[in-house]
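Let's take a friendly walk through a protein model. Keep the structure in view as you read.

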Amino acid sequence: MSNGTRVVVTGLGVISPIGNTVDELWASLRNGTSGIGTITKFDPSRVDAKIAGEVKNFDITQYVDQKESKRMALFTQYAVAAAKQAWQDAGLEGSGVNPERVAVMLGNGIGGKEIDDEAYKTLFERGPGRLSPMVIPKLIANEAAGSVSILLNAKGAAHVVVTACASGTDALGVALDMIRSGRADVVIAGGTEATVTEYCIGGFCAMKALSTKRNDMPQKACRPFDADRDGFIMGEGAAILILESEAHARARGARTYVELAGYGASSDAYHLTAPDPEASGAIRAMQLALQDAGVKPEEVDYVNAHGTSTPLNDPMETKAVKVVFGDHAYKLKMSSTKSMTGHLLGAAGALEAAICALAIRDGFYPPTINHENPDPACDLDIVPNTGVQGPIRVAISTSLGFGGHNSVVVLKALNPTA
């Protein structure tokens, strides 16, 4: 439970398949625009899933110089770009904030996979003596947090949380606790991922986790809660939220988006890749997050669902929401923005928390696109196909990862209206 310290979001930054700024992302979401297309980062002819939510028109030299960018894997580049956007959005550039009280907390699932792939090719074809000295510094997951801390002169703790698809949400939860405990005044928190590689796509295809039915209709392929869903779509990108104690933000006259009010996490202790069909872990994580936020279930207006478009996840998550919210489950709105972005793995939770902040700010429920054939097992209001205007007092974002990692954050309007 919170110790009374309110934590607020003062800055946002994103690199995503549907926009490389917050404004671009939000415009795409409001319009129901899909960022999923045929894979261009490698020749997809050898894999069954030939589509992904790729980042487009990304230029790292807008954020760091060319020489420095060559020392970063793509997941680090995405994190650095989103962090710099968020830092500027929060008005922290040149603000005089104490760097020793600024921490970095990022979520990541896999690290610099394209660096790994290139290095293995060199190893097998030319031997270990020809490996680049930058292989290890570029591929390891902590380098994103390290690079962000260097770029923004953040001298507090710089950590990476690795909990598969829950990584970004867990990073926000740990950051929330850091501020509540007094360990930091400001935390640069979020997630980043760059896994559109032949190795990763091929590996997820081997698990039968990715959609393969609509390679010829990529923008129609991700269809959470639809009866014709057949798997998730790989996405990539980063999202960063600047978190501060309300007192710290007020003292420097910062503009605030929302309150990050609560966090809950649990483990299924059930299976490495499949969710517990009874949804017990997801239920506990939601209940813990609401308890931590001091929010009653009937106060929640919006759930940004994990909503992966897989046969197993969507009915399980629907069941969890029904248990947690009871009759109110049929009154709230729950959508999956993955229908437009694809699944950003370790960055998904951070991106979706940022989307919740924007939804609360503008009083707009983003849609679940491609909802054409309702699944009777997924019978809640998922904001089908077209977004809806309406006040949002409280939103929750759920992330349910491989390994049974369940994580939920609660975001509240600062001045809620009934």
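## Two helices that meet

Ala 282, Ile 283, Met 286, Gln 287 and Leu 290 of helix 10 are in contact (heavy atoms within 4.5 Å) with Met 316, Ala 320, Val 321, Val 323, Val 324 and Phe 325 of helix 11. Sorted by type, the residues of this contact are 10 nonpolar, one polar and no charged. Here Ala, Val, Leu, Ile, Met, Phe, Trp, Tyr, Cys and Pro count as nonpolar, Asp, Glu, Lys and Arg as charged, and the others, Gly among them, as polar.

Helix 10 covers residues 280-293 and helix 11 residues 313-325; they pack at an angle of about 45°, with their axes 9 Å apart. Helices are DSSP runs (H or I, at least four residues), and strands are E runs of at least two, numbered from the N terminus.

## About the model

This is a predicted model: local features need pLDDT of at least 70, side-chain atom pairs count only at pLDDT 80 or more, and totals for chains, interfaces and linings use all residues. Residues are numbered from 1 along each chain as its sequence is written, and side-chain values use heavy atoms, leaving out hydrogens and water.

## Around helix 6

Which residues of helix 6 are buried (under 20% relative accessible area, 1.4 Å probe, protein chains only)? They are Ala 144, Ala 145, Ser 147, Val 148, Ser 149 and Leu 152. These buried residues pack against helix 3, strand 4, strand 5 and strand 6. Just after helix 6 comes Asn 153, with a positive phi near 55°.

## Contacts of Leu 25

Beyond its neighbours within four places in sequence, Leu 25 touches Val 14, Ser 16, Ile 18, Gly 19, Leu 351, Ile 355 and Leu 358.

Key. Axes are lines fitted to C-alpha atoms, for helices over the stretch in contact, and angles run from 0 to 180 degrees between N-to-C directions. Buried means under 20% relative accessible area, exposed over 50%, partly exposed in between (1.4 Å probe, protein chains only).
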